[in-house]
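This report goes through a two-chain model, starting with the place where the chains meet. Each chain is then taken in turn, with a closer look at selected residues.

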Amino acid sequence: MNGWILAAAVILAGGVGATVWGVATGPLRRRVVAQNLCTAFACPALLLLSQGYDRPSYVDLALVLALLGPVGTLVFARLLADELADDPPSAWGLTYAAAAVGALVVPAVCVAAGPSRAMAKLLFVGVLLIGGNVVASRALSGGFPEARHG
Amino acid sequence: MADAVIVVALLLVAASATAAVAARDPVRQALVLSVLGVVLAILFTVLQAPDVALSQLAVGSALTPLLLLLAVHKVRRRGRREGPRR
């Protein structure tokens with residue numbers, strides 16, 4: 001077991017474990033935030049696993065997750081807009097914590113990959129992950145009011 | 001020791017699947033199902049089945065919750081429209 005897989009296991013146990021707990025209990029607004037954060041923690045874990053198993057093709061999984069995770073959250077933000085309108089869930093501290101995990105993992109994996117096409121792909125995944133996460137959090141906290149009555 | 005990450009992924013799947021079964025409200029169940037999809041994809045990756053994980057991600061993280069929520073939305077709207085007549 002190398003350090004990459006150990007780091008992935010720690011992120012899975014700490015980050016994704018906390019989001020599973022958050023999505024299983026509590027009020028609706030907390031569950032939506034936890035569902036959003038689940039993507040943000042799972043994607044760096046997938047990147048670390050790809051590096052740990054030494055299979056660069058596993059990066060595709062992280063790419064698909066970074067692309068589809070915010071889409072799933074936007075679906076919830078759009079269809080649950082009525083329930084969430086009274087008390088919009090905003091958890092910017094947690095969002096930036098998850099983004100920081102991504103911002104820590106992506107350069108580490110990039111350094112391990114070395115300057116190549118794989119590194120450009122990893123950087124793309126990182127930008128997509130952090131950007132999508134911030135956009136999804138903003139949509140959840142009611143940042144796009146014009147989308148509510150579309 | 002090398003199987004620790006598999007154990008972690010299995011525990012996460014067990015916890016989120018139990019939560020999905022225990023949730024009574026369909027909307028909350030859709031949220032738990034979305035997390036379950038992501039966690040299952042991680043389990044498949046850890047078990048060295050990335051192609052299964054890819055399809056699980058595509059279906060589980062976005063499509064299943066979308067279908068569930070659209071169905072809930074439609075049922076509620078119909079109930080609201082026909083409610084006063086009863």
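## The contact between the chains

In this predicted model, 36 residues of chain A and 33 residues of chain B make up the contact. On the chain B side, α1 (4–22), α2 and α3 each contribute at least two residues. The largest share of that side comes from α2(B), with twelve residues. Sorted by class, the side of chain B that touches chain A consists of 27 nonpolar residues, five polar residues and one charged residue.

## Chain B: overall form

Chain B has three helices and zero strands, in the order α-α-α along the sequence. Its radius of gyration is 17 Å, whereas the globule rule gives 12 Å for 86 residues; chain B is therefore more spread out than a compact globule. Measures of extent along the principal axes point to the dimensions of the C-alpha trace, about 65 × 25 × 10 Å.

Of the 86 residues in chain B, 41% are buried. Among contacts in chain B with a separation of 6 or more, 49% join residues 24 or more positions apart.

An unreviewed UniProt entry lists "domain: MrpA C-terminal/MbhD" at residues 11–77 of chain B. In the model that span is 91% helix and 0% strand, and its end C-alpha atoms lie 38 Å apart.

## Helix α3 of chain B

Helix α3 of chain B covers residues 50–82, which is 33 residues. At 1.5 Å a residue it should span 48 Å, and the 47 Å between its end C-alpha atoms agrees with that. The helix nevertheless has a kink of about 35 degrees at Leu63(B), shortly before the proline Pro65(B).

The buried residues of α3(B) are Pro50(B), Ala53(B), Gln56(B), Leu57(B), Gly60(B), Ser61(B), Ala62(B), Pro65(B) and Leu69(B). An α-helix has 3.6 residues a turn, so residues three or four places apart point the same way. The cover over the buried residues of α3(B) includes α2 (26–46) of chain B and also α3 (59–79) of chain A.

Val72(B) also lies in helix α3 of chain B. Is Val72(B) buried or partly exposed? There are 17 other C-beta atoms within 10 Å of Val72(B), so it is partly exposed; 20 or more would be needed for a residue to count as buried. Leaving out residues up to four places away in sequence, Val72(B) touches Pro26(B) and Val27(B). Val8(B) is 64 residues from Val72(B) along the chain, and their C-alpha atoms are separated by 33 Å.

## Chain A: overall form

Chain A contains six helices and zero strands, and its elements run α-α-α-α-α-α from the N terminus on. Its radius of gyration is 16 Å, which agrees with the value near 15 Å for a compact globule of 150 residues. Along the principal axes, the C-alpha atoms of chain A fill a box of roughly 45 × 30 × 20 Å.

Buried residues account for 48% of the 150 residues of chain A. Of the contacts in chain A with a separation of 6 or more, 75% are between residues 24 or more positions apart.

## Annotated spans and one residue of chain A

For chain A, an unreviewed UniProt entry gives "transmembrane region" at residues 61–81, 93–115 and 122–140. Over residues 93–115 of chain A, the model is 91% helix and 0% strand, with 33 Å between the end C-alpha atoms. Residues 122–140 of chain A are 100% helix and 0% strand, and the end C-alpha atoms of this span are 27 Å apart.

Trp4(A) sits in helix α1 (residues 3–24) of chain A. Why does Trp4(A) count as buried? Trp4(A) has 20 C-beta neighbours inside 10 Å, and a residue is buried if 20 or more lie within that distance. Apart from neighbours within four places in sequence, Trp4(A) is in contact with Leu48(A), Gln51(A) and Gly52(A). The C-alpha atoms of Trp4(A) and Val125(A) are 18 Å apart in space, while the two residues are 121 residues apart in sequence.

Key
Residues are numbered from 1 along each chain as its sequence is written. Chains are lettered from A and ligands numbered from 1 in the order in which they are written. This is a predicted model: local features need pLDDT of at least 70, side-chain atom pairs count only at pLDDT 80 or more; totals for chains, interfaces and linings use all residues. Helices (H or I, at least four residues) and strands (E, at least two) are DSSP runs, numbered from the N terminus. The expected span of a helix is 1.5 Å times one less than its number of residues. The bend at a residue is the angle between axes fitted to the seven residues ending there and the seven starting there. A residue is buried if 20 or more other C-beta atoms lie within 10 Å of its own, exposed if 12 or fewer, and partly exposed in between; C-beta atoms are placed from the backbone. Two residues are in contact if their C-beta atoms, placed from the backbone, lie within 7 Å. Ala, Val, Leu, Ile, Met, Phe, Trp, Tyr, Cys and Pro count as nonpolar, Asp, Glu, Lys and Arg as charged, and the others, Gly among them, as polar. The radius of gyration is taken over C-alpha atoms; the globule rule is 2.2 Å times the number of residues to the power 0.38. UniProt positions are given in the numbering used here, feature names are shortened, and annotations may be inferred rather than shown by experiment.
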